[in-house]
Amino acid sequence: SWTTGNVIEEQVAAIRAQVGDKRAICGLSGGVDSAVAAALVQKAIGSQLTCVYVDHGLMRKGETEQVEKDFVAATGANLKVVDASERFLNALAGVSDPETKRKIIGREFIRVFEQAQLEILREDGPEVAFLVQGTLYPDVVESGGGTGTANIKSHHNVGGLPDDIEFELVEPLRQLFKDEVRAVGAELGLPDEIVQRQPFPGPGLGIRIVGEVTRDRLDLLREADAIAREELTAAGLDREIWQCPVVLLADVRSVGVQGDGRTYGHPIVLRPVSSEDAMTADWSRLPYEVLGKISTRITNEVRDVNRVVLDVTSKPPGTIEWE
Ligand code: XMP
């Protein structure tokens, strides 16, 4: 019968059989799936695993620290953190179009991750042969069920390696649904903040700034988002809502009055939604007191923001994210 204990035991044995005395790499995204996959593989092969976290500078407040400190404390994993925020900001400079932003972030992410993989290969040698991925059962079904290998190409600036390196994939969550993954993660000792994390898009805050992404705007949005999350958590609403994107309308300004002066600042949009699977969603009827508290705090505490608005659109027609 299905118990988290059985799943862990089975997968640990399977991972050991697959990897043997070779080494594996796992990319951490800050999300649930990669964290649980990494924790399982760590339990199975310990120091034969190296985790890589690419900090693209588009994470929310505290998320990078969660990976660097809490994940490492809970699992004892080797972690290589690559601070690439400068590189991502440079690549995003002058870009406002949502799809272009997504493409740039995706492309840079792969480049930075591959470079980190090559560095690990250089340090640890050819016995690095496996790549861990947090593929879930629904992903397997969606993509037609194939399992396989990942090809990475070396870059001209990282010398001394073969042109093509092939990794065999380790996918210990392939038979699991999301709630089962959370249960396994909890059993493995991962903290609630990681295991119960709501969905958050890979491109991060980069697609929650309507307009060009700059360091200043990211800082501002990060503060507003942290306030909204803090108040939603304090009100006990984390389980009730699917997620609540907080969006900065960086290309919009409106007139306000704060203190004795007129301001001309940016609006922040709250987009709380309820959903089963993110394919469709309804806007969450949050209590007015909670909305009021978030609005007051954001306009008081975040410079350049003088207005908070609520998105009351279902999906369809609106997507959950604004970009
Ligand atoms: P939309 O905006 O399409 O979002 O209604 C549906 C769900 O997917 C998340 N999302 C993403 N997740 N990479 C991700 O890993 C992405 O590029 C991405 N775009 C949207 C979104 O947060 C919501 O949960």
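## Legends to the close-up views

**View 1. Pro-316 lies in the segment that follows strand E13 (305-310).** Strands (E, at least two residues) and helices (H or I, at least four) are DSSP runs numbered from the N terminus. The model shown is predicted: local features require pLDDT of at least 70, side-chain atom pairs count only at pLDDT 80 or more, and totals for chains, interfaces and linings use all residues. Residue numbers start from 1 along each chain as its sequence is written. The peptide bond from Lys-315 to Pro-316 is cis, with omega near -10°. The bond from Pro-316 to Pro-317 is also cis, with omega near 10°, and Pro-317 likewise lies in the segment after E13. Most peptide bonds are trans.

**View 2. Ala-278 and Asp-304 each have a positive phi although neither is a glycine.** The phi of Ala-278 is about 70°, and this residue is found in the loop between strand E11 (273-275) and strand E12 (281-283). For Asp-304 the phi is about 75°; its loop runs between helix H10 (288-301) and E13. Are these residues buried or exposed? Ala-278 counts as partly exposed because it has 14 C-beta neighbours inside 10 Å, and Asp-304 counts as partly exposed because it has 15. A residue is buried if 20 or more other C-beta atoms, placed from the backbone, lie within 10 Å of its own, exposed if 12 or fewer, and partly exposed in between.

**View 3. Residues surround the ligand.** The residues around the ligand (C-beta atom, placed from the backbone, within 6 Å of it) are Arg-102, Pro-199, Pro-201, Gly-202, Pro-203, Gln-243, Ala-278, Lys-315, Thr-319, Ile-320 and Glu-321. Ala-278, with its positive phi, is therefore shown again here, as is Lys-315, from which the cis bond to Pro-316 begins. By class, this shell divides into 5 nonpolar, 3 polar and 3 charged residues. Ala, Val, Leu, Ile, Met, Phe, Trp, Tyr, Cys and Pro count as nonpolar, Asp, Glu, Lys and Arg as charged, and the others, Gly among them, as polar.

**View 4. The largest nonpolar core contains 70 residues.** A nonpolar core is a set of buried Ala, Val, Leu, Ile, Met, Phe, Trp, Tyr and Cys residues joined through C-beta atoms within 7 Å. Ala-24, Cys-26, Val-36, Ala-38, Val-41, Val-132 and Ala-224 touch the most other members. Helix H2 (residues 32-45) gives the most to this core, with 10 residues. At least three core residues come from each of domain 1 (4-195) and domain 2 (208-310). Ala-224 touches Val-246, Leu-248, Ile-268, Ile-298, Val-302 and Val-305, residues up to four places away in sequence not being counted; such contacts require C-beta atoms, placed from the backbone, within 7 Å.

**View 5. Domain 1 (4-195) and domain 2 (208-310) meet.** These bounds come from an automatic or database domain assignment. The C-alpha centres of the two domains lie 30 Å apart. In this contact, 10 residues of domain 1 are joined with 8 residues of domain 2. The side of domain 1 that touches domain 2 has 4 nonpolar, 3 polar and 3 charged residues.

Methods. Contact = placed C-beta atoms within 7 Å.
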